[in-house]
Amino acid sequence: MAETPSLFEQACIAHGWDTPAKFIRAFEETAVLLAEPTTVTARQVRRWWRDVPPPTPRARAWRVIHAMLGVNPVELGFPNPPPGVTVERAPLLAQEGSSVDRRAFLADSIG
């Protein structure tokens, strides 16, 4: 019997991040764009997808997730934000239907 995906996992799948590897790649690209020095492991992604409620991400990861999905992580099932996080308006970097190629954007802006 298959488990019902969590709200967070459903949001990730809707953006095409249906494996931890795809999510990690998008997470790292977004972290670079935001200048947030943070990383995530496949184990952590799986815990965020499967645990109810998922463990609260660190502050920097919280901001990256918020920017990736354009939704406050609380709305995706995460507990309250970690101390010191204020994310009223995170930049929306991943929009459905967006024609921006992140790799090209990064290459153009860095190189």
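Student: How are helix 2 and helix 3 oriented to each other in this model?

Tutor: Keep in mind that we're looking at a predicted model. The two helices pack at an angle of about 105 degrees, with their axes 9 Å apart. Angles of 65 to 115 degrees count as roughly perpendicular. Helix 2 and helix 3 are therefore roughly perpendicular.

Student: And how many charged residues sit in that contact?

Tutor: Helix 2 brings Pro20, Phe23 and Ile24, while helix 3 brings Ala42, Val45, Arg46, Trp48 and Trp49. Sorted by type, that's 7 nonpolar and no polar, which leaves the charged count at 1.

Student: What span does helix 2 reach from its first C-alpha to its last?

Tutor: Helix 2 covers residues 20-34, so 15 residues, and the expected span is 1.5 Å times one less than that number. The model comes out close to the expected 21 Å, with a reach of 21 Å.

Student: Which residue follows helix 2, and what's its phi?

Tutor: Just past the end of helix 2 there's a residue with a positive phi. That's Ala35, with phi near 60 degrees.

Student: Which helix gives the most to the largest nonpolar core?

Tutor: That core has 22 residues, and Phe8, Phe23, Phe27, Trp48, Ile65, Met68 and Leu69 have the most contacts inside it. Helix 1, helix 2, helix 3 and helix 4 each supply at least two of its residues. The top contributor, with 6 residues, is helix 4.

Student: Who does Phe8 touch, leaving out residues up to four places away in sequence?

Tutor: Phe8 is among the core residues with the most contacts. Its partners are Phe23, Trp48, Trp49, Ile65, Leu69, Leu76 and Phe78.

Methods: Residues are numbered from 1 along each chain as its sequence is written. This is a predicted model: local features need pLDDT of at least 70, side-chain atom pairs count only at pLDDT 80 or more; totals for chains, interfaces and linings use all residues. Side-chain values use heavy atoms; hydrogens and water are left out. Helices (H or I, at least four residues) and strands (E, at least two) are DSSP runs, numbered from the N terminus. A nonpolar core is a set of buried Ala, Val, Leu, Ile, Met, Phe, Trp, Tyr and Cys residues joined through side-chain atoms within 4.5 Å. Buried means under 20% relative accessible area, exposed over 50%, partly exposed in between (1.4 Å probe, protein chains only). Contact means heavy atoms within 4.5 Å. Axes are lines fitted to C-alpha atoms, for helices over the stretch in contact, and angles run from 0 to 180 degrees between N-to-C directions. Angles under 35 degrees count as roughly parallel, over 145 as roughly antiparallel, 65 to 115 as roughly perpendicular and the rest as oblique. Ala, Val, Leu, Ile, Met, Phe, Trp, Tyr, Cys and Pro count as nonpolar, Asp, Glu, Lys and Arg as charged, and the others, Gly among them, as polar.
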